[in-house]
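Me: Hi! I've got a structure here and would love to talk it through with you. Here it comes.

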Amino acid sequence: MSEDQYTFQNPVSRFPSISPPKQDQAEPGLDRDLEPQTDRGEDSYRGTGRLTGRKALITGADSGIGAAVAIAFAREGADVALSYLPEEEPDAQKVAGIIRDAGQKAALLPGDISEPARARDLVAHAVEQLGGLDIVVNNAGKQIAVEALEDLSDEQFADTFATNVFAMFWITKAALPHLKPGSTIINTTSIQAYNPSPTLIDYASTKAAINAFTKGLAQQLAPRGIRVNAVAPGPIWTPLQVSDGQLKEALPEFGKDTPLGRAGQPTELAPAYVFLASAESSYVAGETLNVNGGSPTP
Ligand code: NAD
Ligand code: MG
């Protein structure tokens, strides 16, 4: 039997401690060109019917954490609409193929969600192509490291908020009329919300905003039977990190300062999203599930 996420194993050595070579990709970066390659669960994630018949929209679903979540959702029985940027078509096509191999529908919806009209259209197209919607995963993110505040441009500050916070608001608002009781919303925040790096002021601020948005909205929507939760990853090896998400010199040490001593792989995030999306978490709302290699959080 090959290994899957249920195989008893040492979390320290489940995945190798990587020392990624210095590398650079233009934003948004591709999983296809990442060195070393990431594990999105294509060869290991085993579904057990936990999301049978569900219909999910996932932003940033072409690569990294979003791709791992899309693969897991499909193997758990959900149809998936994939949001991503047009430049990411090769990564998106690959994930769509894995979803179709699982016997589920994959709707490919490229477009820049930092534009409000695009974000709203995305929801309409997802509903149309999936025939409804009951899971929304706001996972797309922009992260560009800048050493000095004087060098952090007004444009970057605004774009980071538009992608990470405003798009989540626009998409969630547009999705609400379609979400029946039992539906779930999951937002990707970050350990940066509590433990901001000096080089990620704009990004860390958006992640704190996502936490507050999640906890407030969870209380507002709970009486309507819609649960809102968040997942807070620690250092996960994805294309975000090599498209200026980290300073180049920081790459070889990426994730080594966690208690588990290594960076996480995208597939290690997937079970957290599956749990929060499925009915098994029916009494969990406004929660942030930290998946960060063991770093303490508030
Ligand atoms: P990733 O690069 O694979 O995913 C980010 C995705 O965001 C891209 O694939 C892209 O499709 C999407 N995106 C960015 N700007 C967009 C725009 N304007 N319009 C539409 N889509 C856009 O990297 P990832 O690390 O998997 O990131 C996923 C989420 O996880 C992000 O919210 C990120 O902040 C968060 N996160 C990542 C880490 C980490 O260490 N990798 C840690 C904490 C939180
Ligand atoms: Mg991508």
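Me: Which residues are closest to ligand 1, and how many surround it?
Reply: Ligand 1 is surrounded by 30 residues, counting a residue when one of its heavy atoms lies within 4 Å of the molecule. The closest are Ser63, Glu88, Asp112, Tyr203 and Thr238. Keep in mind that this is a predicted model, where local features need pLDDT of at least 70, side-chain atom pairs count only at pLDDT 80 or more, and totals for chains, interfaces and linings use all residues. Side-chain values use heavy atoms, without hydrogens and water, residues are numbered from 1 along each chain as its sequence is written, and chains are lettered from A and ligands numbered from 1 in the order in which they are written.

Me: What does the side chain of Ser63 do with ligand 1?
Reply: An N or O atom in the Ser63 side chain is 2.5 Å from an oxygen atom of ligand 1. That is a polar contact, meaning a pair of N or O atoms within 3.5 Å.

Me: And which atom of ligand 1 goes with Asp112?
Reply: A nitrogen atom, which is 2.7 Å from an N or O atom in the side chain of Asp112. For Tyr203, an N or O atom of the side chain is 2.5 Å from an oxygen atom of ligand 1.

Me: Tyr203 is in a helix, I think. What does that helix pack on?
Reply: Helix H5 (residues 201-221) packs with H4 at an angle of about 15 degrees, their axes being 9 Å apart. Helices here are DSSP runs of H or I with at least four residues, strands are E runs of at least two, and both are numbered from the N terminus. Axes are lines fitted to C-alpha atoms, for helices over the stretch in contact, and angles between N-to-C directions run from 0 to 180 degrees.

Me: What do you call that arrangement of H4 and H5?
Reply: Roughly parallel, therefore: that covers angles under 35 degrees, while over 145 is roughly antiparallel, 65 to 115 roughly perpendicular and the rest oblique. The crossing of H4 and H5 is right-handed, that is, the near helix is turned clockwise from the far one by less than a right angle (anticlockwise would be left-handed).

Me: Which residues make the contact?
Reply: Among them are Phe157, Phe161 and Met168 of H4, and Tyr203, Ile210 and Phe213 of H5; contact means heavy atoms within 4.5 Å. By class there are 10 nonpolar, six polar and two charged residues. Ala, Val, Leu, Ile, Met, Phe, Trp, Tyr, Cys and Pro count as nonpolar, Asp, Glu, Lys and Arg as charged, and the others, Gly among them, as polar.

Me: Where do H1 and H6 come in?
Reply: H1 (residues 64-75) and H6 (residues 270-277) pack at about 55 degrees, with axes 9 Å apart, and they are therefore oblique to each other. From H1, Ile65, Ala68, Val69, Ala72 and Phe73 meet Ala270, Tyr273, Val274 and Ala277 in H6. That contact has nine nonpolar residues, no polar and no charged ones.

Me: Changing topic: which peptide bond before Pro28 is cis?
Reply: The one from Glu27 to Pro28, with omega near 5 degrees. Another cis bond joins Glu35 and Pro36, where omega is about -5 degrees. Pro28 is in the segment before strand S1 (55-59), and Pro36 lies in the segment before S1 too.

Me: What is the phi of Asp244?
Reply: Near 75 degrees, a positive value in a residue other than glycine. Asp244 sits in the loop between strand S6 (227-233) and H6. Most residues other than glycine have a negative phi, and most peptide bonds are trans.

Notes: A polar contact is a pair of N or O atoms within 3.5 Å; within protein, one must be able to donate a hydrogen and the other to accept it, and residues adjacent in sequence count only if both atoms are side-chain atoms.
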